[in-house]
Amino acid sequence: MRRIDHVGIAVPDLDEALAFYEKTFGLVAEHEEVNEEQGVREAMLVPADGDPGTARLQLLAPLRPDSAIGKFLDRSGPGIQQMAYTVDDVDETSAELRAKGLRLLYDAPRRGTAGSRINFVHPKDAGGVLVELVEPGGLDHSSD
Ligand code: CMX
């Protein structure tokens, strides 16, 4: 693991949440996108005057009720949904964790934020925390 990449928070309405985080904590969106496969509209937030390599806050709003975020909101309400770590090679880290007996959700990495490659550790195998592994993609600027 390189560092904490981001903490993901499930929200019912992305625009309302963006306004709340900017007004309340001075966090601003450096990136927004829709990921159809994951069923989310999402934004990555940073402190307006924060350190360049700071961990991000990710806001995740559901595109559909039967998406991972839709189900999470239904069951738990808004709140922290995942903890994500930056890794150099998501295939390698996934293999290492599988060898330690943890369940990875995908057989092969899928597309995450900003062209990243991602996989997840099942929350039941990680102390009740959904862990995302993020291998940054070409569109990522978090280490600039
Ligand atoms: N954090 C902690 N625990 C969680 C959880 C979460 N985010 N989501 C579910 N759980 C718990 C459930 O409460 C349930 O616990 P109990 O059995 O004690 O009730 C247990 O995990 C298993 O639940 P499940 O019914 O088997 O599975 P779900 O249908 O709730 O799906 C999960 C859970 C993790 C497999 C699903 O959310 C998933 O596939 N997540 C990965 C994809 C994702 O989160 N995409 C959105 C973000 C996209 C991005 O980051 O780019």
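Q: What makes the pairing of Glu-30 with Arg-56 a salt bridge?
A: In this predicted model, the closest N and O atoms of Glu-30 and Arg-56 are 2.7 Å apart. A salt bridge requires a side-chain nitrogen of Lys or Arg within 4 Å of a carboxyl oxygen of Asp or Glu, so the pair qualifies. Glu-30 belongs to strand E2 (residues 27-35) and Arg-56 to strand E4 (residues 56-62); the two residues are 26 residues apart, and the pair links distant parts of the chain. Across the whole structure, eleven salt bridges are found.

Q: Why is the approach of Gln-38 to the ligand called a polar contact?
A: A polar side-chain atom of Gln-38 lies 2.7 Å from a nitrogen atom of the ligand. The cut-off for a pair of N or O atoms is 3.5 Å, and the Gln-38 pair therefore counts.

Q: How do you know that Lys-124 and Glu-132 also make polar contacts with the ligand?
A: Lys-124 places a polar side-chain atom 2.7 Å from an oxygen atom of the ligand. For Glu-132, the distance from a polar side-chain atom to an oxygen atom of the ligand is 3.3 Å. Both values are within 3.5 Å, so both pairs are polar contacts. The protein buries 68% of the 960 Å² that the ligand exposes when taken alone.

Q: Which elements give two or more residues to the shell around the ligand?
A: They are helix H2 (68-76) and strand E5 (79-86). H2 supplies the largest share, five residues. The ligand is surrounded by 18 residues, with Gln-38, Arg-75, Gln-81, Gln-82 and Lys-124 the closest.

Note on methods
Residues are numbered from 1 along each chain as its sequence is written. This is a predicted model: local features need pLDDT of at least 70, side-chain atom pairs count only at pLDDT 80 or more; totals for chains, interfaces and linings use all residues. Side-chain values use heavy atoms; hydrogens and water are left out. A residue is near a molecule or strand if one of its heavy atoms lies within 4 Å of it. A polar contact is a pair of N or O atoms within 3.5 Å; within protein, one must be able to donate a hydrogen and the other to accept it, and residues adjacent in sequence count only if both atoms are side-chain atoms. Accessible areas come from the Shrake-Rupley method with a 1.4 Å probe; for residues, only the protein chains shown count as cover. Helices (H or I, at least four residues) and strands (E, at least two) are DSSP runs, numbered from the N terminus.
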